[in-house]
Amino acid sequence: MTLPPEITDSHCHLDFPDFDGERDDIIARANAAGVTRMVTICTKLKNEPSVRAIAEAHRGVFYAAGTHPMSVAEEPMATVEELVALAKHPKFVGLGETGLDYHYTAESAEVQKTSLRLHIEAAQETGLPLIIHSRDA
Ligand SMILES: [Zn+2]
């Protein structure tokens, strides 16, 4: 007997307000379709508590946290210590998303590089993967 494949969605944003009111149904439909694990990714550290809560509420949902390159100019700069502390949660599986995006936000290139470097440092310190967004950079 062949077992059905178990699929992992390695990059989703279940916390986005687009999904308010139907989040549990979306996760249930994904599970029914064979997507047994999902990594929901925080793009602004101020949203980390709500992203973590989604992971805590669903057995197959894990999470990552970081500051997205397109948000980094408007958000407080993360610190390595802050990211490393967040990474201690048992369902925390990656740093990010981070990266470089010069398509719409080239004017923040320097601050994006600073942010990427500290996410890299946190990934090295924790041994967790980096989740990289890269566009026209
Ligand atoms: Zn993303």
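At 35% relative accessibility, His 11 falls in the partly exposed class, and this residue makes a convenient entry point to the predicted model described here. His 11 is one of the protein donors of the zinc ion, binding through NE2. The other protein donors are His 13, also through NE2, and Glu 97, through OE, with distances to the zinc ion of 2.0 to 2.1 Å. Read along the chain, these donors follow the spacing H-x1-H-x83-E. Because His 11 belongs to strand β1 (residues 7-12) and Glu 97 to strand β4 (residues 92-101), the pair ties together parts that lie 86 residues apart in sequence.

The surroundings of the donors can be taken one residue at a time. Glu 97 is buried, its relative accessible area being 3%. His 13 sits in the loop between β1 and α1. Its relative accessibility is 17%, and because buried means under 20%, His 13 counts as buried. Leaving aside residues up to four places away in sequence, His 13 touches Phe 19, Thr 40, Ile 41, Thr 43 and Glu 97. Glu 97 thus appears twice in this picture, as a contact of His 13 and as a fellow donor to the zinc ion.

Attention now turns to the helices. In helix α1 (residues 23-32), the buried residues are Arg 23, Ile 26, Ile 27 and Ala 30. These residues lie on the same side of α1, because the arc they cover around the axis is only 95°. The other side of α1 carries the exposed residues Asp 24, Arg 29 and Ala 32. The buried residues of α1 pack against two helical and strand neighbours that recur below, α2 (48-57) and β3 (61-65), as well as against β2 (35-41). After α1 comes Gly 34, which has a positive phi, near 100°.

Helix α2 can be described in a similar way. Its buried residues are Glu 48, Val 51, Ile 54 and Ala 55. They cover an arc of only 125° around the axis, so they too are placed on the same side of their helix. As for packing partners, the buried residues of α2 meet α1, β2, β3 and α3 (80-86). The packing between α1 and α2 is therefore seen from both helices, since the buried residues of α1 pack against α2 and those of α2 pack against α1. Strands β2 and β3 are likewise among the partners of α1 and among those of α2.

Terms used: Residues numbered from 1 in each chain as written. Predicted model: local features only at pLDDT ≥ 70, side-chain atom pairs only at ≥ 80, totals over all residues. Heavy atoms only, no water. Donors = N, O, S within 2.8 Å, 3.2 Å for Na, K, Ca; no water. Helix = DSSP H or I, 4+ residues; strand = E, 2+ residues; numbered from the N terminus. Buried < 20%, exposed > 50% of the residue type's maximum accessible area, 1.4 Å probe, protein only. Arc of directions from axis to C-beta. Contact = heavy atoms within 4.5 Å.
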